[in-house]
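Trainee: I would like a close look at a single part of this model. Please take one strand and its pairing first, and then go on to the salt bridges.

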Amino acid sequence: MSTAVMGIDLGTTHSEVALINEQGEPMLLSINGSVLLPSVVSVDAENRILVGQPAVNNELAAPQKTLRWIKRRMGEQISLPLGNRLVTPPMVSSMILSSLKQAAEQHLGHEVHQAVITVPAFFSDAQRSATQQAAELAGLEVLRLVNEPTAAAMAYARGNQRDERWLVYDLGGGTFDVSIVDCSPSVMEVRASHGDTALGGHDIDLLIARAAAADFAAQHDIQLESDPLLWPQVIAAAEAAKIRLSGANQARLRVEYLTQSSDGTPLHLDWPLSRETLEIMVAPLIERSLLSVHEALRQANLRASDLARVLLVGGATRMPRIAQRLHEELGMPPQQWIDPDQVVAIGAAIEAALLSGDQVGIQAVDITPHSLGIDAMNSTGTLHMVPLIPRGAPLPCSMNRLFHRVHEAQSTIDVGVYQGESRDPHACLELGRLRLSDIPDDEDLSVLCRFHLDRSGILAVEVESGAGGKRANIQIERKLARENKNLAELGLLPSPSQVNVDAQLTNANWEDASDPEPSPVASEPPEPSCAADDLFMRAQNLLDSRSLDPDDAEDLLQALAAARSGTTSQRQALADLLYFLE
Ligand code: AMP
């Protein structure tokens, strides 16, 4: 078994590329001796693009010509200076993807044009589209964007022999996701996802660096944070101390000859930090992540006692306090027997093999973590966000819903497309707008709205007026300004000399787990089950809670009865009602 579709973890701090080898085992490619390619891009004195470790090395001399943490800017309409060029976040990400593509091509001895790329489960439509755009610029077709915790669960699920429910806690360098998955020997089905795309190990580094900088300012009256040359060095020292404190009780942030005083005396940064102090500093961040854990459990209608395992994913989960807090909170010790930095890329390679037609013994069914809908006016003239696709709907998914023009002479319809859980459109994220104009005067007031969410979580919307058959549609990703050239045409290809590839087999077997299981058995996966059972349970719970007023309870009872014996659209009507009542 072999596949020429790469599995790529495009991370905030590091990125990895993995393939499935002839023996059917996932394999990470190592570039310049490491399977972790720093997600850093820089330009050297000759204006050549550097990616990975060479870019990190160049950063000390030229921080203003170096870009990091670009994943956090994906989806923003911005241009950033990189040497003498202006680049967009997708362009920077595409340079990283190009390096990974070169590594895979060098390993395989032929060109590779397709990839599965992972993204945080909580990434918005714009962030997903920006990732796709980055891949296109790198000359890659994205067969699927896969949510990171889903990919990690796939890596763990391959080899699982039981029906179990897991919670995947994924804290990487820049993003946090939590997913609850139901795993059988052949299918891994996501039940709920939550997260925070602005929470990661980097935030811990910043907390440490700011505390050290405050102490330095008090001693020397020098502001390190506002100095573009010094600040990256302080952050690097903070990260190194943080990593040391995962295995030790004391560490020091040290940068010798960091700067000098006004009289020319050399000044070193040398700041002690204990694990105890670090744990006090990061407590609010960990508690923030636990809110998402409880929200995911709530969305799945589950309690911690319903979980069989808690799995840790992402380098930042190596911090011992995280496992301790999860143990306290969920009542079971979290597990981690696949390298937390590599597990997402391994899952991406498994998904890539699956999409290439290889038998890998497991299939994933993912969900959308956000509700998607349009703004529409209710009878009192207030604009509401009306969800067409509810949070938790399995992918892919299509929904239609009928709306009405306000009166026969209304010739224009302006529709806002939103992502979010609030009834107030202003509290949701606007994904795009459609406009139908020149609608003829007609007594047919109907307006049909169609949503299609593909397996990568990218949305297409169509609106059609019954009067005159007028239509408007958008693939939401088209809202982004698209570069129509690839990296090579833009003269932005990373210099290839840095790629030096070894293949490294991963340590991803259940035999390594603390609770060993026999090897996997491949079987045909069942049809993905729809979320109907969940829906019925949520409705029943709400009725049992007696928190509804009598009219709402009556409506819910009727909708539940219709949905139990009815069609997808009746189940959808129940989902919509639940959305408003919960
Ligand atoms: P990832 O995105 O999964 O590669 O995770 C990268 C993050 O994990 C960075 O913020 C690293 O500083 C952090 N990290 C890596 N190793 C450790 C460790 N031993 N202790 C704490 N954080 C770590």
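Mentor: Start with a pair of bridge partners: tryptophan 166 is matched with arginine 309 in β17. Residues are numbered from 1 along each chain as its sequence is written, and side-chain values use heavy atoms, with hydrogens and water left out. The model is predicted, so local features need pLDDT of at least 70 and side-chain atom pairs count only at pLDDT 80 or more, while totals for chains, interfaces and linings use all residues.

Strand β12 (residues 164-171) pairs with strand β17 (residues 309-313) in the parallel sense, over 5 bridges. Strands here are DSSP runs of E with at least two residues, helices are runs of H or I with at least four, and both are numbered from the N terminus. Two strands pair if DSSP finds at least two bridges between them. β12 also pairs with strand β13 (residues 176-183), in the antiparallel sense and over 8 bridges. Within that pairing, glutamate 164 has cysteine 183 of β13 as its bridge partner. The connection from β12 to β13 is a hairpin of 4 residues. As for cover, 7 of the 8 residues of β12 are buried. Buried means under 20% relative accessible area, exposed means over 50%, and partly exposed lies in between (1.4 Å probe, protein chains only).

Now the salt bridges, of which the whole structure has 33. The term requires a side-chain nitrogen of Lys or Arg within 4 Å of a carboxyl oxygen of Asp or Glu. Glutamate 295 takes part in a salt bridge with arginine 298, at 3.1 Å from N to O. These two residues are 3 apart in helix α7 (residues 275-299), which means a separation of about one helical turn. Arginine 298 is partly exposed, at 46% relative accessibility, whereas glutamate 295 is buried, at 19%. The side chain of glutamate 295 also meets that of arginine 391 in a salt bridge, at 3.9 Å from N to O. Because glutamate 295 is in helix α7 and arginine 391 is in the loop between β20 (383-389) and β21 (397-404), this pair ties together parts that are 96 residues apart in sequence. Arginine 391 is partly exposed, with a relative accessible area of 23%.

Elsewhere, glutamate 59 and arginine 68 form a salt bridge of 3.0 Å, N to O. Glutamate 59 is buried at 13% relative accessible area, and arginine 68 is partly exposed at 28%. A network of salt bridges links Glu287, Arg321, Arg325, Glu328 and Glu329.
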